[in-house]
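Work through the exercises below with the sequence and the structure at hand. Each task is followed by a solution in steps.

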Amino acid sequence: MIYNIVVFVDLKDGVLDTAGKAVSKSLKNLGLSHQERSVRIGKTIKLLIEAENDAQVEKQVITMCETLFANPVIEQYRYEITKEA
Amino acid sequence: MTVYVLTFPGSNCDQDAVKAIHYLGYRAEILWHQDTCIPSDARLVIVPGGFSWGDYLRCGAMGAISPIITALKRYAQDGGYVLGICNGFQILCEAKLLEGTLLRNREQDFIARPCYLKVENQKKPWLSGYVKNQIVNFPIAHHDGCFWADDATIERLEDNHQILLRYCNEEGQIDELINPNGSKKNIAAICNARGNVVGMMPHPERNVDPVISWNILAGSGAPLFHGIMETMQ
């Protein structure tokens, strides 16, 4: 079975996000108001995995997240798994 | 006794490291990321600077899971000396051979300039050629050099004397103004708890041959390498 995987990787709370800070400044320059220090920039990773069942694919996704997609020192992750139509 | 310099796709400071080692009179050889062992005559392994895997995903993330780093972990476990410079520091943090991580510089800019650094202690064998509070100067050239770890880790690094160099000014003052990239506590170089693995963002190999050191504290990188090669523990 082919599964559609989407992984969202975000910075943990309390980790300095200099890119978010820069974007916040730019929003301000554009006159677009928002709460200061609230801009946080993450990343999305998409892939397809062939697996026998839901449990097997979830195990693989977690391993990918833990060993490569996210750095646990500064990042957290969540994922969405759907069956490819 | 040989210094082995690892190379990855995108490494560009490997030859600088080899040339510096040769200049100081030692043997240096290159290893490739697909190699699976560190030779037994290794006295030091250098993980050099550059843009391995284009800094894709995270700096050093893919280097950290390459076969040669798997071999490096065994070598470090056995007490072998490892020096990660710039991208090498990033790889060692990703590989969990060192604590913390390197974030994008505070001002978002790529910074390339000479940098004064204060020697925090005389951690053997790395800093045995210096004295405490000595000022050295190694250049920095990085986009993601902001050292970050949670407060508990920083406190532990401080208490265990694992912080080796801090960014400072010419007079040795350490403060936010002189901090080039936002690193916590101006940390420029650390070691692991055992003291055999070191990572630093500045480039000591670029201040070994006085010809390329801008005449600023010329040759102040040399004692670092002599310390490892000459000091037998």
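For the pocket exercises, Ala, Val, Leu, Ile, Met, Phe, Trp, Tyr, Cys and Pro count as nonpolar, Asp, Glu, Lys and Arg as charged, and the others, Gly among them, as polar. The model is predicted.

**Exercise 1.** Sort the lining of the second largest pocket by residue class.

Solution.
- Start with the space: the second largest pocket holds about 300 Å³.
- Next, list the lining from chain A: Thr18(A), Lys21(A), Ala22(A), Ser24(A), Lys25(A), Lys28(A), Glu36(A) and Arg37(A) are among the residues that line this pocket.
- Then add chain B, where Arg106(B), Glu107(B) and Gln108(B) also belong to the lining.
- Sorting by class gives 1 nonpolar, 3 polar and 7 charged residues.

**Exercise 2.** Describe the largest pocket: its volume, the residues closest to its centre and the classes in its lining.

Solution.
- The volume of the largest pocket is about 520 Å³.
- Its lining has 25 residues, and those closest to the centre are Leu11(A), Lys43(A), Glu75(A), Arg104(B) and Asp144(B).
- To place the lining on the fold, look at strand S1 (2-11) and helix H1 (18-29) of chain A, and at H3 and strand S5 (101-103) of chain B; each supplies at least two lining residues.
- By class, the lining of the largest pocket comprises 11 nonpolar, 5 polar and 9 charged residues.

**Exercise 3.** Find how many disulfides the structure holds, then examine two cysteines of chain B.

Solution.
- The count over all chains is 0 disulfides.
- For Cys86(B), the nearest cysteine sulfur belongs to Cys13(B) and is 6.5 Å away. A disulfide needs two cysteine sulfur atoms within 2.5 Å, so this pair does not qualify.
- For Cys191(B), the nearest cysteine sulfur is that of Cys93(B), at 12 Å, and Cys191(B) is in no disulfide either.
- Buried means under 20% relative accessible area. Cys86(B) is buried because its relative accessibility is 5%, and Cys191(B) is buried because its value is 1%.

**Exercise 4.** Locate three backbone features of chain B: a cis peptide bond and two positive phi values, at Cys86(B) and Asn133(B).

Solution.
- Recall the usual case: most residues other than glycine have a negative phi, and most peptide bonds are trans.
- The bond from Lys124(B) to Pro125(B) is cis, its omega being near -10°. Pro125(B) sits in the loop between strand S6 (111-119) and strand S7 (135-142) of chain B.
- Asn133(B) is found in the loop between S6 and S7 of chain B, and its phi is near 75°. With a relative accessible area of 42%, Asn133(B) is partly exposed.
- Cys86(B) has a phi near 60° and lies in the loop between strand S4 (81-85) and helix H3 (87-94) of chain B.

**Exercise 5.** Is Ala28(B) buried or exposed, and which residues does Ala28(B) touch?

Solution.
- Ala28(B) belongs to strand S2 (residues 27-32) of chain B.
- Ala28(B) counts as buried because its relative accessibility is 9%, under the 20% limit.
- Leaving out residues up to four places away in sequence, Ala28(B) touches Thr2(B), Val3(B), Val18(B), Ile21(B) and His22(B).
- Take Val3(B) from that list: Val3(B) and Ala28(B) are 25 residues apart along the chain, and 4.6 Å separates their C-alpha atoms.

Conventions: Residues are numbered from 1 along each chain as its sequence is written. Chains are lettered from A and ligands numbered from 1 in the order in which they are written. This is a predicted model: local features need pLDDT of at least 70, side-chain atom pairs count only at pLDDT 80 or more; totals for chains, interfaces and linings use all residues. Side-chain values use heavy atoms; hydrogens and water are left out. Buried means under 20% relative accessible area, exposed over 50%, partly exposed in between (1.4 Å probe, protein chains only). Helices (H or I, at least four residues) and strands (E, at least two) are DSSP runs, numbered from the N terminus. On a 1 Å grid over the protein atoms alone, a cavity is a set of points where a 1.4 Å probe fits but cannot get out, and a pocket is an open set with protein on both sides within 12 Å along at least five of seven lines; lining residues have an atom within 4 Å of a point. Grid points are joined across faces, edges and corners, and a volume is the space filled by probe spheres set on the points. Contact means heavy atoms within 4.5 Å.
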